[in-house]
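Trainee: I would like to take a close look at a single part of this model, the surroundings of the ligand. Could you walk me through that site with care?

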Amino acid sequence: MLQKYNPKNDDIYVHVAGRLVHRDNAKVSVFDSSVQGGDAVWEGLRVYKQGIFCLDRHLDRLFASAKALMFDNVPDRPSIKKAIAETLAKNNMDENCHIRLTLTRGEKITSGMDPRLNNKGCTLIVLAEWKAPVYDNSKGIKVISCAIRRNAPQFLDSKIHHNNLLNNILAKIQANVAGKDAALMLDEAGFVSELNGTNLFMVKNNTLYTPHAEACLPGITRGLIIEIANELKIPVKEKNLSLTEFYNADEVFATGTMGELTPVVEIDGRKIENRSGKRMLENIYKTFIKIIPVYCEKL
Ligand code: PMP
């Protein structure tokens, strides 16, 4: 398993519904919409010593997701930033941390799925933990394609970053059973979409490719990598990509807040030959590291 128990998190304080409480007392009601129907939206944020990475971009996505789900009484940007700042200060956290920011539709007056049963406004949870990037980027990860498809917009739009994670959890179970690090999810048509928790890129003949953001989550890191590639004058193409194209790529890497940029060294038992000697990944990663301070916000 990639993530490990960290005793440094034993006594952290968590911001829940306006109060900072010890993790043992950090609870939501059994009437909360997240318990009743996974009816919540979330963001994963990384804390570097220069501040929180791409905070406004993550909050933009949180607000867009909450609007799509028609949440009422959504806390505004300054109050969410205040709750994050209070949480980090209380825990003396200033780097090497991960924040799981969750906004639920809130507590219901009785159990049920109808959003009209919510009349108390949203519940905000700021869970900050000591956590290094999850993947060992020097080793890379091995992945396996799985049977379950990534949701398409006609079923559940992947542009809503919601807590109904069963689609991805079922995929992850398949990867676990196969002894691999992550599951590669295809879209409805059988093209590569993303991994169960990160986006995918491949390199072929000095061009960078990534799947269209139709079924995959339009990741904040993914967006930034495309911007970096444009700046470095690396040709970038968003297109439908098959497993065969990925098996035969010169380089493959995953992107996300969870692991930054991670080489993928094997897909379905096929070694990624790394013909270009990870040149593109290393080139992009160097720029990524350089721009981290520019995109960090100190609260
Ligand atoms: N894909 C999925 C399914 C994810 O859950 C995430 C992270 N939440 C990502 C990709 C990466 O997105 P980001 O770069 O915004 O962290």
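Trainee: How do the residues of the shell around the ligand divide into nonpolar, polar and charged?

Mentor: Please keep in mind that this is a predicted model. The shell around the ligand divides into 3 nonpolar, 11 polar and 3 charged residues. Of the 17 residues around the ligand, those that come nearest are R61, E194, I220, T221 and T257, and for three of these the contacts with oxygen atoms of the ligand can be described one by one. A polar side-chain atom of T221 lies 2.6 Å from an oxygen atom of the ligand, while I220 offers a backbone N or O atom that lies 2.8 Å from a ligand oxygen. R61, in turn, places a polar side-chain atom 2.9 Å from an oxygen atom of the ligand. As for exposure, the ligand taken alone exposes 390 Å², and the protein buries 93% of that area. The space that the ligand takes up is the largest pocket. Turning to the elements behind this shell, those that give two or more residues to it are α2 (55-68) and α5 (220-231). At the level of domains, the shell draws at least three residues from domain 1 (7-130) and at least three from domain 2 (141-293), and both domains therefore contribute to the surroundings of the ligand.

Technical notes. Residues are numbered from 1 along each chain as its sequence is written. This is a predicted model: local features need pLDDT of at least 70, side-chain atom pairs count only at pLDDT 80 or more; totals for chains, interfaces and linings use all residues. Side-chain values use heavy atoms; hydrogens and water are left out. A residue is near a molecule or strand if one of its heavy atoms lies within 4 Å of it. A polar contact is a pair of N or O atoms within 3.5 Å; within protein, one must be able to donate a hydrogen and the other to accept it, and residues adjacent in sequence count only if both atoms are side-chain atoms. Accessible areas come from the Shrake-Rupley method with a 1.4 Å probe; for residues, only the protein chains shown count as cover. On a 1 Å grid over the protein atoms alone, a cavity is a set of points where a 1.4 Å probe fits but cannot get out, and a pocket is an open set with protein on both sides within 12 Å along at least five of seven lines; lining residues have an atom within 4 Å of a point. A molecule sits in a cavity or pocket if more than half of its atoms lie within 2 Å of its grid points. Helices (H or I, at least four residues) and strands (E, at least two) are DSSP runs, numbered from the N terminus. Ala, Val, Leu, Ile, Met, Phe, Trp, Tyr, Cys and Pro count as nonpolar, Asp, Glu, Lys and Arg as charged, and the others, Gly among them, as polar.
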